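Hi,

Here is the structure I said I would pass on. Have a scroll through it first, then read my notes below.

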Amino acid sequence: MSVLRSMEKSSALEYINQMFPTEESLSGVEPLMQKIHSEIRRVDASILAAVRQQSNSGTKAKEDLAAATHAVEELMHKIREIKTKAEQSETMVQEICRDIKKLDFAKKHITTTITALHRLTMLVSAVEQLQVMASKRQYKEAAAQLEAVNQLCSHFEAYRDVPKITELREKFKNIKQILKSHVFSDFSSLGTGKETEETNLLQQLSEACLVVDALEPSIFEGAELAKLDKTERRYAWIKRRLRTNEEIWKIFPPTWHVPYLSCIQFCKLTRTQLVEILDNLKEKPDVGTLLLALQRTLEFEEELEEKFGGNAHSKEIKGGAGETEKGESNSQSVSDIRKKYEKKLAAHQRNENGERDGHKDFSVPGAGFNFRGIISSCFEPHLTVYVELEEKTLMENLEKLVQEETWDAEEGSQTNILSSSMQVFLIIRRSLKRCSALTKNQTLFNLFKVFEKILKAYATKLFNRLPKGGTGLVAAATGMDGQIKTSERDEWVICYIVNTAEYCQKTSGELAENIAKIIDPQFADQVDMSEVQDEFKAVIVKALVTLVLGLETKFDAEMAAMTRVPWGTLESVGDQSEYVNGINTILTTSVPVLGSLLSPIHFEFFLDKLASSLGPHFYLNIFKCKQISETGAQQMLLDTQAVKTILLEVPSLGRQTSGAANYSKFVSREMSKAEALLKVILSPVDSVADTYRALLPEGTPAEFQRILELKGLKKADQQTILDDFNKHGSTIKQPTSIVTVVEAAPSAPAAPTITSPSSSGVIASREDVLTRAAALGRGAATTGFKRFLALTEAAKDRKDGPFRKLFNA
């Protein structure tokens, strides 16, 4: 409050001083005071009027509220009165209508009773008439009467417990049975000659057909088999017929092959009926019922093939050959031998003629008719539901396996692969076994396409499990999602993914070979897993590049530490710097693990990528330093040689030296470029241009200008040297006496490009950057150094030459 008062007092004083700055202005005090008093009186009057108005408004509001409350009470009272009157009216109406309802129910019941009695009378009369017609075989009249009785019986379905109704239904059932027996008896006489003796027999049989239509469908034998789930009973029926009719069929000559031809006709008829059943299904068939019917069909076909197929014929041929050999052993006469070979020659000629004509007599068992597929092939177009079920099951199992995956190799395993990969191929093989037992045609090929989809989905799961980088504008521009940080656990997982992808790539090819062997030949050429194998190859490349990028991210901290070293103020050259020790620690920690987990070819690919990444990275990082003195350049040259030694020891750290020669050449070439750059920085100012042209012949003017900045030259001095550099050209001609030797770049194992849209662009751009960086000094250790030696030899005797100063320093 004291502070507020002091502020108000200060404001008042400022206002007074502002209004009356001089003594002469004090004459206006009285008019101002009158004006202020007038304003105060006006404000007081306004406040008083507002208070009075508010008081009046409050009183009026209370009166309005009381009036509204009273009106609501009156309204509620009226509503209660209306409700009471409505209840009284409803009670009155119910009392009036109660008697009317009783009369309505009574009328309804009487009408129903009269109708039922009338229909019962009609039913009793109709049944009695039908019984007479059945006994007299009046089929035409009986057919019409059957329809009438059936309709009348339908009205008495609710009265089954009434004794009279039950008695009539039993009587009607017996009459139908009598009619059925009469119809079968009359039709059995058809073809016996009675139709010529009895002139009205054909007319009577024609009328009997009307009775057959009027009877229940059960009169047709086998009608209950016209369902897919009853397919097994068809085969049981024919097998029973084959067993029970063996004695009957013996009356036919064996050359007629009655059982064989009967089975062929039965199979063709069954196939036609099954096609009709399957085509007329309103909904997709139940997979369990469909597969059970197919399995029973295959078993039946196999039994027929064993009974009537080529086995019996081949046995007869073998038996005949055995008898011939036996006869030959017993009698070695010339005539017997001649007859034997004549028979063989005749048989051979018949076979050739038969094959040439393309026609075989299928009426003889073993002549070439194949029962396999004669019926079961009709299921093929309808097995899409089975393939869809297999796909759904496989996809669910894949999701479950990936969710339960620990991303760690099984304990005691020597393969270092993920257990989910073996489980995926296990469920695929089980699915293949189930399908191949049923069909080897289009359905198996469709299932093969499902296998492709499952394996591609698994490759995507492996791809997505690889560590991802950060996000941002740089990530969007490069396509690599920024830098990738990998822990020791991540490196283990990446190696497991590489090994797993290699296992899946190999096993998928073997799977395709196995399917091609068992599938129908017309589909064998289309069984190809190359796309799946490319997917897993892409996963391998992506995983190995991720390993390199992860190490790059670890190196970034050491590269940043390198740029923070005060190279321009170093006073002496000492031991290798701390960032070199950091690089050594990173490699000695990660490389032994990677070498123990990766195969030699993948470890070699990893080494090539590491060399092509770290060498140019180190070279470009020198340009990021602020200023490098002569002592700093000497210290950095020492660090470069140390880094080079560390990189050359990487294969031995991984205990894999299969590709160490090419790797060592590549590392030496890339790191010699950094050494050449530092030698240029160490050279005197007056010879720096010549040294740069000699050691870095592929350098650019912009790069040379950056070297001058690193040496700490002023802008004016830089411009003079640059003008001279551009005047004489950025490169020098190779002396004719010097023979250049360009070493070939180490060959890396061929690897496919990554097909993933999220990674293809990033790897391409990254590789382009590394390739361009490596190309800047690819000849530094060979061509450029040869040129440098040529210049030094030419200037050896010059006392004031630029190279003399360089070596005297």
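What follows is a short tour of what turned up, going from contacts between helices to the surface.

One thing to keep in mind: this is a predicted model.

**Salt bridges**

The structure has 16 salt bridges. A good one to start with joins Arg 296 to Glu 232, where the closest N and O atoms are 3.4 Å apart. Arg 296 sits in helix α10 and Glu 232 in helix α7, so this pair ties together parts that are 64 residues apart in sequence.

Arg 296 also forms a salt bridge with Glu 299, with 3.5 Å between the closest N and O atoms. Here both residues belong to helix α10, three residues apart, or about one turn of the helix. Why can residues with that spacing meet? An α-helix has 3.6 residues a turn, so residues three or four places apart point the same way. Put together, Glu 232, Arg 296 and Glu 299 are linked in a network of salt bridges.

How covered are these three? Arg 296 counts as partly exposed because its relative accessibility is 24%, between the 20% and 50% cut-offs. Glu 232 is partly exposed too, at 43%, and so is Glu 299, at 37%.

For another example, look towards Lys 715 and Glu 709, whose side chains meet in a salt bridge at 3.8 Å, N to O. Lys 715 counts as exposed, with 59% relative accessibility, while Glu 709 is partly exposed at 26%.

**Aromatic pairs**

Next, the rings. The count comes to 15 aromatic pairs. One of them is Tyr 235 with Phe 300, a stacked pair with 4.6 Å centre to centre and 15° between the planes. Tyr 235 is in helix α7 and Phe 300 in helix α10 (residues 287-308), so the pair ties together parts that are 65 residues apart in sequence. Both of these residues are buried.

Trp 492 and Tyr 496 make a pair with another geometry: their ring centres are 6.2 Å apart and their planes meet at 65°, so the pair is edge-to-face. Both lie in helix α17 (residues 488-518), four residues apart, about one turn of the helix. Trp 492 is partly exposed, with a relative accessible area of 31%, whereas Tyr 496 is buried at 3%.

Also worth clicking on: ring pairs link Tyr 235, Trp 237, Phe 266 and Phe 300 into a cluster.

**Surface and covered parts**

Which residues gather in a patch of positive charge on the surface? They are Arg 233, Arg 240, Arg 241 and Arg 243. Arg 240 is found in helix α7, which covers residues 231-244, and this arginine is partly exposed, with a relative accessible area of 39%.

Helix α25 (residues 688-695) is mostly covered, with seven of its eight residues buried. Among them are Val 688, Tyr 692, Arg 693 and Leu 695.

Last, try Val 212, which lies in helix α6 (residues 201-214). Is Val 212 buried or exposed? Its relative accessible area is 15%, which is under the 20% cut-off, so Val 212 is buried. The C-alpha atoms of Val 212 and Tyr 139 are separated by 9.5 Å, although the two residues are 73 apart along the chain.

Have fun exploring!

Note on methods. Residues numbered from 1 in each chain as written. Predicted model: local features only at pLDDT ≥ 70, side-chain atom pairs only at ≥ 80, totals over all residues. Heavy atoms only, no water. Patch = residues over 30% accessible without salt bridge, like charges linked within 9 Å, V, L, I, M, F, W, Y side chains within 5 Å. Areas by Shrake-Rupley, 256 points an atom, 1.4 Å probe, with all protein chains shown as cover. Salt bridge = Lys/Arg side-chain N within 4 Å of Asp/Glu carboxyl O. Lys, Arg positive; Asp, Glu negative; His and termini not counted. Charge placed at Lys NZ, Arg CZ, Asp CG, Glu CD. Helix = DSSP H or I, 4+ residues; strand = E, 2+ residues; numbered from the N terminus. Buried < 20%, exposed > 50% of the residue type's maximum accessible area, 1.4 Å probe, protein only. Phe/Tyr/Trp six-rings, centres within 6.5 Å; stacked < 30°, edge-to-face > 60°.
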